[in-house]
Amino acid sequence: MTSQLHLILNADVYSPAHLGVRHVLVAAAKVVSITEQVPALDAALNVAVFDAEGKRLLPGLIDGHAHITGGGGETGPASRVPPVPLSQFTAAGVTTVVGLLGTDDLTRNTETLVTQARGLNAQGLTAYCYCGGYHVPPVTLTGSVRGDIVFIDPVIGVGELAISDHRSSQPTLNELLRIASDAHVAGLMSGKAGIVHLHMGDGKRGLQLVRAALEESEIPPRVFNPTHVNRQRWLFDEACELVQHGCYIDVTAFPADAQGWSAAESIKLYLQRELPADKLTVSSDGGGCLPTFDANGELLAMDFGRTSALTEALQELLAEGLPLEQILPFFCSNAARLLKLECKGQIAEGLDADLVILDAQHAVSAVMAMGEWHVRDNKQLRYDLFEDSR
Ligand code: ZN
């Protein structure tokens, strides 16, 4: 039987705050102590000891935007991206994920998304999802956004609802307000995030609809959560403006082109502009398709998003010398606060044992999710049932 007790020795802990070298005791999937002295534990407890040898220990990353069922399908049925396997998350140091539907909310539905999230949870990851997708009315399982958020455990909000995009339903202000109010009220009733995660397209209307929603309604700004805001430089400026009104914004770790900023560039700009440090998050768009369209909406090229892009953004910033404690909140604790995941995003006594160890080259060398090792000594230990582990 594998041990439920783990002692991680000599870890340089970033909670995200830098605590220094500590010994971390994990029991039954929770961090139970973080101490300067090695705790005295009875041999009969069968503690599994792992020496981190001074390497950096950080909270498991939170990927707030992943097409866990696979996205795509924008160049016909053969272009549907397959579901994202367990090891693609854990290998990247991601221990919490929010799955969603995008363009294809027709051949893919909330039922399969909820089931995929449950499958990932059963294998040790922590997975949530949104109801809805790009379109209006949002696809749901119970018949309403409110019903899905209130009655279905993994559903914590609605999205990615597309605006300013040729693939959107061209929602009106009233339609957006109705969806946002349903999400907000359901969030209050369930104690969940209750947000509208908004897919931003390249359209010149940008965040106009969100600004109008803030002006004309009583719905709190945190309910409106635009993503892909780094895809156009002017859109990123608009999003930074929205932060001043209390919105959380999400940048995507997709390959940057000349019109946009990479995730790492966005974070550096955000820090330079001295915007509220708790309002920006980064996500991968893993499993989603990454199409390039021309001005007529014709497809020019196709790729798909990978979870590892999130980690690569973090590594890029570290390689440039930015302090880990300064950039970590964008990858874990900020998303935990927005998504109301109280046990996630930080290393602290009583919180979930979701931990990542980075080696001196900033590579992910060990990953623990809910108190179980998925990666250790730079080796992947766990795969899902149908993954080829060779
Ligand atoms: Zn999107």
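**Burial, zinc and helix packing: how the labels are earned**

User: Glu-160 is buried, and so is His-199. What makes a residue buried rather than exposed?

Analyst: Relative accessible area decides: under 20% is buried, over 50% is exposed and anything in between is partly exposed, using a 1.4 Å probe on protein chains only. One caution up front: this is a predicted model, where local features need pLDDT of at least 70 and side-chain atom pairs need 80 or more, while totals for chains, interfaces and linings use all residues. Numbering runs from 1 along each chain as its sequence is written, and side-chain values rest on heavy atoms, with hydrogens and water left out.

User: Which protein residues count as donors of the zinc ion, and how do you know?

Analyst: A donor is an N, O or S atom within 2.8 Å of the metal (3.2 Å for Na, K and Ca); water isn't among the atoms, so a site may look incomplete. Glu-160 (OE), His-199 (ND1) and His-228 (NE2) lie 1.9 to 2.2 Å from the zinc ion, so they qualify. Along the chain their spacing reads E-x38-H-x28-H. Glu-160 sits in strand β9 (residues 155-163) and His-199 in strand β10 (residues 195-200), 39 residues apart, so this pair links distant parts of the chain. Those element names are DSSP runs numbered from the N terminus: helices are H or I with at least four residues, strands are E with at least two.

User: What is unusual about the peptide bond leading into Glu-160?

Analyst: The bond from Gly-159 to Glu-160 is cis, with omega near -10°. Another cis bond joins Ser-15 and Pro-16, where omega is about 20°; Pro-16 is in the loop between β1 (5-14) and β2 (18-27). For context, most peptide bonds are trans, and most residues other than glycine have a negative phi.

User: How do you know whether Glu-53 is buried or exposed?

Analyst: Glu-53 has a relative accessible area of 60%, which lands it in the exposed class. Glu-53 also has a positive phi, near 50°, without being a glycine, and lies in the loop between β4 (48-51) and β5 (56-59).

User: And His-362, buried or exposed?

Analyst: His-362 comes out at 18% relative accessibility, so it counts as buried. His-362 too has a positive phi, about 70°.

User: The axes of α7 (residues 263-272) and α8 (residues 308-319) come within 8 Å and cross at roughly 55°. Why is α7 called oblique to α8?

Analyst: Under 35 degrees is roughly parallel, over 145 roughly antiparallel, 65 to 115 roughly perpendicular, and the rest oblique. The roughly 55° crossing falls in that remainder, so α7 is oblique to α8. The axes are lines fitted to C-alpha atoms over the stretch in contact, with angles from 0 to 180 degrees between N-to-C directions.

User: Which residues make the contact between these two helices?

Analyst: Contact means heavy atoms within 4.5 Å. Ala-263, Ala-264, Ile-267 and Lys-268 of α7 meet Ala-313, Glu-316 and Leu-317 of α8.

User: What makes Leu-198 buried?

Analyst: Leu-198 has a relative accessible area of 0%, so it is buried. This residue lies in strand β10 and, leaving aside residues up to four places away in sequence, touches several others, including Leu-161, Leu-176 and Phe-224. Leu-198 and Leu-176 are 22 residues apart in sequence and 10 Å apart in space, C-alpha to C-alpha.
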